[in-house]
Structure formats: structure tokens, C-alpha cells
Amino acid sequence: MIKTTYILPLLILLSACERTIPNLEIPAKPAKLVVNGLAIADSSILVSISKSLSYKDELEFKAVENAVVSCESVSGASLSFNYRGNGWYLSNEQTQFSGICHIEVSAEGMETVTGTFEIPHKPEVLRTEAEVVSANYTYCLNCEPYYQLRVSVTLRDVPNEANYYMIEMVNQLPRINSDIDENGNEQQVYLDSITTTPWIRPDHRMSLNSSSLIIEAIAGDWYSNRSAGESAYGKQLLFSDSYFPGQEYTLQLDVDVQDFAYILSDSSRPPSAEKLLLKVYSIDPNYFNYVKNQAQVSATEDNPLAEPVTPYSSFDNGFGLIYGASMVIDTIDLLEIAPQLAEPMD
């Protein structure tokens, strides 16, 4: 009876607080500039500029065609930009400098945005080694082993400064189309090449201690097999030098080469399919922080009780991301290190 006495007044109070508010109008905020760009050392800077959308707008890209873009490094070098169409602006010169740069973007009728990015020094890659190993599926005990490329990359970190790195691999695989030859037999026809980035992951055995991997962020579509004690696959692996400041470090990676084996086993393959480019970047902390932020956004987007994560932006008074990078490219000849990949597949 006592419980009922307390509950009934509470129900009456809550029901009495209900109120319908008709035609609630939420004012739309003024559009802001959205700037996205990439500055690779010794290359021109490419920047995309558009307008932000309100909740009333249709989801479509709104290019800004009358923007003025300028960039100046702390060393005094300056760049101007020319409009190339569809919201794209290209610097009139290549970046012959490194270090911190300030960028300013203005457009008539909109608030000027400013941002800062860094073009870092090139990474010092001491050596790379690669071999093809046979691996077993963790989820299929009776399946035949598959080929996996194991790559070791040794870096020497620059001391007395915070450095950020990224690794990705690129291959020019041909697009394949089925056709019928003059005898009525089906054959594979190779069309123009497309750039592909295979799945890569850090070998979980290379941890610096029993609980720590140096990979701190993963970009691209990725998945995890943590139940097997393995780390996640991704298109790009990012890490800082916080585990090896000013030292040499060897990072071991496993690369999925199943697609390569399928192409290389065909004697009519194009030569581009035989090469794999290993790209090692020094990257701006802007991109490193952006990827980590995106992982936090993805982890909370389906949880209504989670605290919202503000999307990362490298600009004041606007939105977007601009970052700098320098890279070193090494070529891995798949047939040289693993001629078995060219053997006909059953």
C-alpha cells in the first residue's frame, strides 16, 4: 500500500507534464566553408572547397567557385592557388619547403577560415625485406593453406621531436572481363589497370610487450579477428614514434596476396601486376588525429547512450581537413621473391 501511495502521484505528475508544441521551427545556421586538402612534399597542393549543409538542405555537394586561397610557410615561402573547376583549387607551384604552413580561405559572403598543417621530413627507411609464407585459416581447419606476404620495414626515427608514420601498399591490378573467343570458349580479357590497396595488418607477434602494439590507428575499411588474438586489418596503418623515440624500429606486416596469386598464375598477365609498391609516409598529426577521431565516431554512432564525438577539423571558423605528408616508395617484385605465385592454380 505504501508503494502504491508513492507511485500514483508520480504517474499523475508525469502525465500532467505532457505538452504538444506545434510547428516547431529550428533556425538553420549560416553555411560555413568546408576545406579539404593534401600537401605532398615536392608536389602541388590540391584543395577542395565547398559549403556546409543545414538540416534543410538536400545532400549534394555545393562547390565554392569564387574562393581565394593562400598558403604561407613559417620559413616565408608562399603559394597562391588557381581554380580548376568543381570546387578544386591547385597551388601554382610545388611545395619546395617543409615545416609548418598556414592556410587561409575566403569567399564572398562567407566567414574566412584559417588552418595550420605540416609538411614533415621524409621518413628514413633503412631497409625493407619481404617473403611469402604459407598461412592457415583460423576459421577453417580443413582448408588448404593460403599465401601471405610478410614484409619487414626498418625505420630510423628523428630524435627530439614527435613524428607520425603511415604505411600502405599499392598495386596496379588489371580489370578482368569475360569474353568468348573465336572457338566459342570463354576467356579472361585484361582491361585497363586499376589501383588497389591490399589488406595489411601488423603481425601480433611483434608487440613491444605482452599487451601493446604500436599501431594506433587504422584507416580504410577494416575488420577485426580479436577472438584469435590478432589485430585488425586495414588499408593504411598509422603509428607514432612514442614507443621508439629517436631509435631504430622494425615493423613486421602481413599482407593478403590472394588476389595477386590469382592474377600471377595467368601467363597473359600485364607486367604491372607483378609489382607491389610499399609506401612509407611521414604524416602531419592532423591526419593521425583525424583517423583516430573517426574511429571514435564509428564506435559511438550506433549507441544512443554514448557521449557524442565532435568530428575533427583542422580549421577555425569552418570545417574540413588538410594535412601534409612526405613519402618513400619501395618496389616489391612478387615473382622474384615468390615464383610459386605464378604456378597455375587448381
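Guide: Two rings of Phe, Tyr or Trp (for Trp, the six-membered ring) pair if their centres lie within 6.5 Å; planes under 30 degrees apart count as stacked, over 60 as edge-to-face and the rest as tilted. The model shown here is predicted: local features need pLDDT of at least 70, side-chain atom pairs count only at pLDDT 80 or more, and totals for chains, interfaces and linings use all residues. Residues are numbered from 1 along each chain as its sequence is written, and side-chain values use heavy atoms, with hydrogens and water left out.

Visitor: Which residues form one aromatic cluster?

Guide: The cluster consists of Y165, F239, F244 and Y249. The structure holds eight aromatic pairs. One of them joins F239 and F244, whose ring centres are 6.4 Å apart and whose planes stand at 45 degrees.

Visitor: Why is the pair of F239 and F244 called tilted?

Guide: The distance of 6.4 Å is within the limit of 6.5 Å, and 45 degrees is neither under 30 nor over 60, so the pair is tilted. Both F239 and F244 are buried, a word that stands for under 20% relative accessible area, with exposed for over 50% and partly exposed for values in between (1.4 Å probe, protein chains only).

Visitor: What makes the pair of Y287 and Y323 stacked?

Guide: The centres of Y287 and Y323 are 4.4 Å apart, and the angle between the planes is 20 degrees. That angle is under 30 degrees, so the pair counts as stacked. Y287 belongs to helix α3 (residues 285–300) and Y323 to strand β18 (residues 319–333), so that the pair links distant parts of the chain, 36 residues apart. Helices (H or I, at least four residues) and strands (E, at least two) are DSSP runs, numbered from the N terminus.

Visitor: How do you know that Y287 counts as buried?

Guide: Its relative accessibility is 10%, under the limit of 20%, and therefore Y287 is buried. Y323 is buried as well, at 14%.

Visitor: How many disulfides does the count give?

Guide: The count is zero. A disulfide is a covalent bond between the sulfur atoms of two cysteines; here the test is a pair of cysteine sulfur atoms within 2.5 Å.

Visitor: Why is C71 not bonded to C101?

Guide: The sulfur of C101 is the closest cysteine sulfur to that of C71, but the distance is 4.7 Å, too far for a bond. C71 is buried at 3% relative accessibility, and C101 is buried at 0%.

Visitor: Which residues touch the most other members of the largest nonpolar core?

Guide: They are I49, V105 and F117, in a core of 25 residues. A nonpolar core is a set of buried Ala, Val, Leu, Ile, Met, Phe, Trp, Tyr and Cys residues joined through side-chain atoms within 4.5 Å. Strands that each supply at least two residues of this core include β1 (33–40), β2 (46–51) and β7 (110–119). Apart from this core lies another, of 20 residues, among them L155, L237, V255 and V280. Contact means heavy atoms within 4.5 Å; leaving aside residues up to four places away in sequence, F117 touches C71, C101 and Y323, among others.

Visitor: What makes strand β16 largely enclosed?

Guide: Seven of the nine residues of β16 (residues 275–283) are buried, so the rest of the structure largely encloses this strand. β16 pairs with β18 in the antiparallel sense over nine bridges, whereas two strands already pair if DSSP finds at least two bridges between them. K279 stands opposite I329 in β18.

Visitor: Why is D42 called partly exposed?

Guide: The relative accessible area of D42 is 41%, which lies between 20% and 50%, so partly exposed is the right term. D42 is located in the loop between β1 and β2, and its phi is near 65 degrees, a positive value in a residue other than glycine.

Visitor: What makes N86 exposed?

Guide: Its value of 52% is over 50%, so N86 counts as exposed. N86 is found in the loop between β4 and β5 (88–91); although not a glycine, N86 has a positive phi of about 55 degrees.
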